[in-house]
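Take a walk through this fold, from the whole chain down to single contacts. Keep the coordinates open as you read.

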Amino acid sequence: MEEKGAFDRLGLDPALVRAVEALGYEAPTPIQREAIPPILQGRDVIGTAQTGSGKTAAFLLPILQRLMKQPAGKTRALILSPTRELAAQIETALRHLAKGTRVRGHAVYGGVGMVPQERALRGGVDVVVATPGRLLDHMGRQNADFRGLQVLVLDEADRMLDMGFLPDVQRIVQTLPRNRQTLLFGATMPPEIEALSRSIMRNPARIAVSPPHRPPPTIRHEAFPVPQHLKTALLARLLGREDMLSVLVFVRTKRRADRVARQIAQERFPVARIHGDRSQSQRETALEGFRNGRHQVLIATDVAARGIDVEGISHVINYDVPYVPTDYVHRVGRTARAEAEGEAITFVSPEEESDLRAIEKVVGRSIPRVTLPDFDYRAPPPPRPRRQEGSRGPRPRPGARGRDRRSHTFRRR
Ligand code: AMP
């Protein structure tokens, strides 16, 4: 089971661990867990992983660790990406992850002016994130100097192949120092990419993150579109439903877990919370209260998700849409255990729609959108919540206690 601190157990510098924590990541994803140690050792790595698996941080973190200890002034890492969008995303991720370091990156792609890119390249920016065509333009003008290059990343190599960029990639790679670390990622590894890897890599470690298992077919999935500021009100409304006997609510960060738990307690629902900042005994007490029916609701972050094994969870509610589609599968897998039926509800704010679509792709089905007819979706943001948690004590809810009532909803097949 993943625990808080799992990032520093991968051997990452404290500054980088702080950066991932600031992003709200609590535990490494499988590709991060498997790829970071060999990359830190300096090995070449071929990683088979989808977008959404967390692969960007899997290669950026060890690159940052390597570069942060060295003097600046030369471009030492080059990341090639098939599209501008991906290059821009990688550059953004780099900026966030590099916060506690002096390492800087610049994105180099077409459709925007050459001059800032030229300046960055000529200034020897530490990390260049580039699409092949635009980079070749710059190389043709002698703007880029890769003599000090130590790490090359080919991201989404299979897409570069599909888009016809392989000859460009090969032209670029030929100009790079041979003594370097090469990392190659793709959702698939077609023979052309295998052949490329043999010609440009040395004894690579191979890492494949299997596509996630689909959630059990006995789960019903629903998405509730709702503005961000009305999520708690919607949660309270749903928790009042008769069938909401034992509800596991997932939120993205520890702070949000604390806030939502406080607000739900104020609405007098019996609630406990579990996340990486809580002590082992606090977690156990929370889980036990949830297991025995004293708490109708358990608010959790993903770090807790994989360890929770409670029978008879009637509903999993995703208060936030998980960034990583596989987290959705892990989360909703907490309900409908052992062939029982369960329901997975996801709150989706307008800005989270694209994350939900990524999840639909991974789970291989579309999730119906549901609106509550008597819920005021146009209500303005509520006043700031009061501080004291559960000051009035939880309201005992009929039907929320004990196992007996629960077994009615969990019809075993
Ligand atoms: P990627 O596969 O690199 O495109 O990452 C997909 C998304 O997952 C991005 O929005 C990342 O910010 C997010 N992400 C990456 N690593 C983690 C992690 N360990 N925990 C939570 N989210 C993550």
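Here a residue counts as buried when its relative accessible area is under 20%. By that cut-off, 54% of the 413 residues of the chain are buried. The model is a predicted one. Its chain holds 16 helices and 13 strands. Take the contacts with a separation of 6 or more: residues 24 or more positions apart account for 77% of them.

Start with the sheet. Strands of a sheet pair through backbone hydrogen bonds, either parallel or antiparallel. This open sheet has 7 strands, and its pairing is parallel. Read across, the order is β3-β4-β2-β5-β6-β1-β7. Which strands stand at the edges? They are β3 (105-108) and β7 (205-208). Each has a single partner strand, so one side of each is left without a neighbour in the sheet. From one strand to the next, the twist averages 15 degrees.

Now look at the β3 edge. β3 pairs with strand β4 (residues 127-130) in the parallel sense, over 4 bridges. His106 has its bridge partner in β4, namely Val128. Helix α5 (residues 115-122) packs on the sheet here and touches both β3 and β4. The direction of α5 makes about 135 degrees with that of β3.

Move along the sheet to strand β6 (residues 181-186), where Leu183 sits. Is Leu183 buried or exposed? Its relative accessible area is 0%, so Leu183 is buried. Leaving aside residues up to four places away in sequence, Leu183 touches Ile39, Arg43, Asp44, Val45, Phe59, Val151, Leu152, Val153, Leu154 and Met201. Ser197 lies 14 residues from Leu183 in sequence, and their C-alpha atoms are 9.3 Å apart.

One of those contacts, Ile39, leads to helix α2 (residues 30-40). The buried residues of α2 are Ile31, Gln32, Ala35, Ile36, Pro38 and Ile39. An α-helix has 3.6 residues a turn, so residues three or four places apart point the same way. What covers the buried residues of α2? The cover includes β1 (45-48), α3, β6 and β7. Just after α2, Gly42 takes a positive phi of about 95 degrees.

Next come the helix pairs. Two packed helices are described by the angle between their axes and the distance between the axes. Helix α3 (residues 55-67) packs against helix α4 (residues 84-97) at about 50 degrees, with the axes 10 Å apart. The two are therefore oblique to each other. Their crossing is right-handed. From α3 come Thr56, Ala57, Phe59, Leu60, Leu61 and Leu64; they meet Ile90, Ala93, Leu94 and Leu97 in α4. By class, this contact has 9 nonpolar residues, 1 polar and no charged. Phe59 also appears among the contacts of Leu183.

Further along the chain, helix α10 (residues 231-239) packs with helix α11 (residues 254-266). The angle is about 50 degrees, and the axes are 10 Å apart. That makes α10 oblique to α11. The crossing of α10 and α11 is right-handed. On the α10 side, the contact is made by Thr232, Leu235, Ala236 and Leu239. On the α11 side, it is made by Arg259, Val260, Gln263 and Ile264. By class, the contact of α10 with α11 has 5 nonpolar, 2 polar and 1 charged residues.

Technical notes. Residues are numbered from 1 along each chain as its sequence is written. This is a predicted model: local features need pLDDT of at least 70, side-chain atom pairs count only at pLDDT 80 or more; totals for chains, interfaces and linings use all residues. Side-chain values use heavy atoms; hydrogens and water are left out. Axes are lines fitted to C-alpha atoms, for helices over the stretch in contact, and angles run from 0 to 180 degrees between N-to-C directions. Angles under 35 degrees count as roughly parallel, over 145 as roughly antiparallel, 65 to 115 as roughly perpendicular and the rest as oblique. A crossing is left-handed if the near helix is turned anticlockwise from the far one by less than a right angle, and right-handed if clockwise. Contact means heavy atoms within 4.5 Å. Ala, Val, Leu, Ile, Met, Phe, Trp, Tyr, Cys and Pro count as nonpolar, Asp, Glu, Lys and Arg as charged, and the others, Gly among them, as polar. Two strands pair if DSSP finds at least two bridges between them. Buried means under 20% relative accessible area, exposed over 50%, partly exposed in between (1.4 Å probe, protein chains only).
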